[in-house]
Amino acid sequence: MAAPFAAAQPASPDQAQPSPRAGGDRSPATTAEIWDGNHDGVYTCDEWKAYLGRLFDRADRNHDGMLTPAEFDGVRRAGSALADADFGYFDENQDGKITRREFVEKPNEFILQFDKNGDCRVTPDELKDSGTGQKPPGGRGKRS
Ligand SMILES: [Ca+2]
Ligand SMILES: [Ca+2]
Ligand SMILES: [Ca+2]
């Protein structure tokens, strides 16, 4: 019979995704795990700063206490929580260099977003409240 051909092509090998942990999935908590220094599931400002400090020291190749755009590239490529960070975001005074202070004192968006009570700690409870594990809207009637 003349079934339209387009409808059912066999899955092409290109689209198969054999490796489920290949980094495409970036929930905020997954990213934050990178810098949760003691891995207790609580993300604190101190841990964030310590993490940034380490990143900075590693990226500051000539040890002059500043990151140039080229050095900052190393930060992004470290596969870090800052993989898509913007140089200008850190370079507060726009002088083309990021000082250690500019870098380390940058607040963490993850903390800003999830730290409901402003104590500089994001606890698992706070994470749960704020929609990483979204509940489906109740009462809409349609189950899938
Ligand atoms: Ca921690
Ligand atoms: Ca430098
Ligand atoms: Ca908190």
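In what order do the elements of the protein chain run from the N terminus on? The answer is α-β-α-β-α-α-β-α-α-β-α, and the views below pick out a few spots along that path.

**Figure 1. The whole chain, as a predicted model.** Count up the elements and you get 7 helices and 4 strands in the protein chain. Of its 144 residues, 18% are buried. Among contacts with a separation of 6 or more, 47% link residues 24 or more positions apart. As for confidence, the average pLDDT is 82, and 70% of the residues score at least 70. One stretch to treat with care is residues 16-23, where pLDDT stays under 50. For that stretch the model has 1 contact beyond four places in sequence.

**Figure 2. Helix H2, end to end and side by side with its cover.** H2 takes in residues 45-59. How far apart are its end C-alpha atoms? They are 21 Å apart, and that agrees with expectation because 15 residues at 1.5 Å a residue should span 21 Å. The buried residues of H2 are Glu47, Trp48, Tyr51, Leu52, Leu55, Phe56 and Ala59. Look at the spacing in that list with this in mind: an α-helix has 3.6 residues a turn, so residues three or four places apart point the same way. Strand S1 (43-44), strand S2 (66-67), helix H3 (69-77), helix H5 (100-104) and H6 are among what covers these buried residues.

**Figure 3. Inside the largest nonpolar core.** This core has 21 residues. Leu52, Leu55, Phe56, Ala59, Leu67, Ile98 and Phe103 are the ones with the most contacts inside it. H2, S2 and H3 each chip in at least two residues, and H2 gives the most, with 6 residues. Zoom in on Phe56 and, leaving out residues up to four places away in sequence, you'll find it touching Leu67, Arg100, Phe103 and Val104.

**Figure 4. Ala29 and a partner from far along the sequence.** Ala29 sits in helix H1, residues 28-33. Is Ala29 buried or partly exposed? It has 17 C-beta neighbours inside 10 Å, so it counts as partly exposed. Pro124 is 95 residues away from Ala29 in sequence, yet their C-alpha atoms are 9.6 Å apart in space.

**Figure 5. Ala85, in the loop between H3 and H4.** With 16 other C-beta atoms within 10 Å, Ala85 comes out as partly exposed. Setting aside neighbours within four places in sequence, Ala85 is in contact with Val75 and Arg76. Phe72 is 13 residues from Ala85 along the chain, and the C-alpha atoms of the two are separated by 9.3 Å.

**Figure 6. Two loop residues with positive phi, Gln94 and Cys120.** Gln94 is in the loop between helix H4 (87-90) and strand S3 (98-99). Its phi is near 55°, a positive value in a residue other than glycine. Which class does Gln94 fall into, exposed or buried? It has 7 C-beta neighbours inside 10 Å, so it counts as exposed. Cys120 is in the loop between helix H6 (109-114) and strand S4 (121-122). It isn't a glycine either, and its phi is also positive, at about 65°. Cys120 counts as partly exposed because it has 15 C-beta neighbours inside 10 Å.

How values were computed
Residues numbered from 1 in each chain as written. Chains lettered and ligands numbered in written order. Predicted model: local features only at pLDDT ≥ 70, side-chain atom pairs only at ≥ 80, totals over all residues. Buried ≥ 20, exposed ≤ 12 C-beta atoms within 10 Å, placed from the backbone. Expected span 1.5 Å × (residues − 1). Contact = placed C-beta atoms within 7 Å. pLDDT = per-residue confidence, 0-100. Core = buried A, V, L, I, M, F, W, Y, C linked by C-beta atoms within 7 Å.
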